[in-house]
Amino acid sequence: MTLPGGGDFAPFFHAHRDAIQRLLHRLTRNAADADDLLQETFLTAWRKRGQFDGRGSAEGWLRRT
């Protein structure tokens, strides 16, 4: 995954956090569950960052994650 800021994950997280959290809240209908899933989503994204090849959008990749 090409991360903004020379590999710094924080700008990537801040750019996509709100959209992913809204999606998770809609799916779970529970703020606490959505928060837990948000953490898991970005932890998985960090671990699998090398698998993102840039052909699609980063947000779409996160949604599938």
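Of the contacts in the protein chain with a separation of 6 or more, 45% are made by residues 24 or more positions apart. The model behind this figure is predicted. The contacts belong to a chain of 65 residues, and 29% of those residues are buried. The accessible surface of the chain comes to about 4400 Å². Carbon and sulfur atoms account for 48% of that surface.

The secondary structure consists of four helices and zero strands. Along the sequence, the pattern reads α-α-α-α. Two of these helices appear repeatedly below: helix α2, which covers residues 9–28, and helix α3, which covers residues 31–47.

Aromatic rings show how these two helices are connected. The whole structure contains six aromatic pairs. One of them joins F9 and F42, whose ring centres are 6.3 Å apart. Their planes stand at 75°, so this pair is edge-to-face. F9 belongs to helix α2 and F42 to helix α3, so the pair ties together parts that are 33 residues apart in sequence. Both F9 and F42 are buried.

F9 also forms an aromatic pair with W46. Here the distance is 5.1 Å centre to centre, with 75° between the planes, and the arrangement is edge-to-face. This pair, too, links distant parts of the chain, since F9 is in helix α2 and W46 is in helix α3, 37 residues apart.

How buried or exposed are the two partners, F9 and W46? F9 has a relative accessible area of 15%, and because buried means under 20%, F9 counts as buried. W46 has 35% relative accessibility; this value lies between 20% and 50%, so W46 counts as partly exposed.

These residues belong to a wider group. One aromatic cluster is formed by F9, F12, F13, F42 and W46. W46 has a charged partner as well: the charged end of R49 sits over the ring of W46. The distance from that charged end to the ring centre is 3.6 Å.

Helix α3 also holds T41. With 10% relative accessibility, T41 falls under the 20% limit and therefore counts as buried. Which residues is T41 in contact with, leaving aside its neighbours within four places in sequence? They are I20, L24, L62 and T65.

Helix α3 thus carries several of the residues described here, including T41, F42 and W46. Of these, T41 is buried, F42 is buried, and W46 is partly exposed.

Definitions and conventions. Residues numbered from 1 in each chain as written. Predicted model: local features only at pLDDT ≥ 70, side-chain atom pairs only at ≥ 80, totals over all residues. Heavy atoms only, no water. Helix = DSSP H or I, 4+ residues; strand = E, 2+ residues; numbered from the N terminus. Buried < 20%, exposed > 50% of the residue type's maximum accessible area, 1.4 Å probe, protein only. Contact = heavy atoms within 4.5 Å. Areas by Shrake-Rupley, 256 points an atom, 1.4 Å probe, with all protein chains shown as cover. Phe/Tyr/Trp six-rings, centres within 6.5 Å; stacked < 30°, edge-to-face > 60°. Lys NZ or Arg CZ within 6 Å of the ring centre and 35° of its normal.
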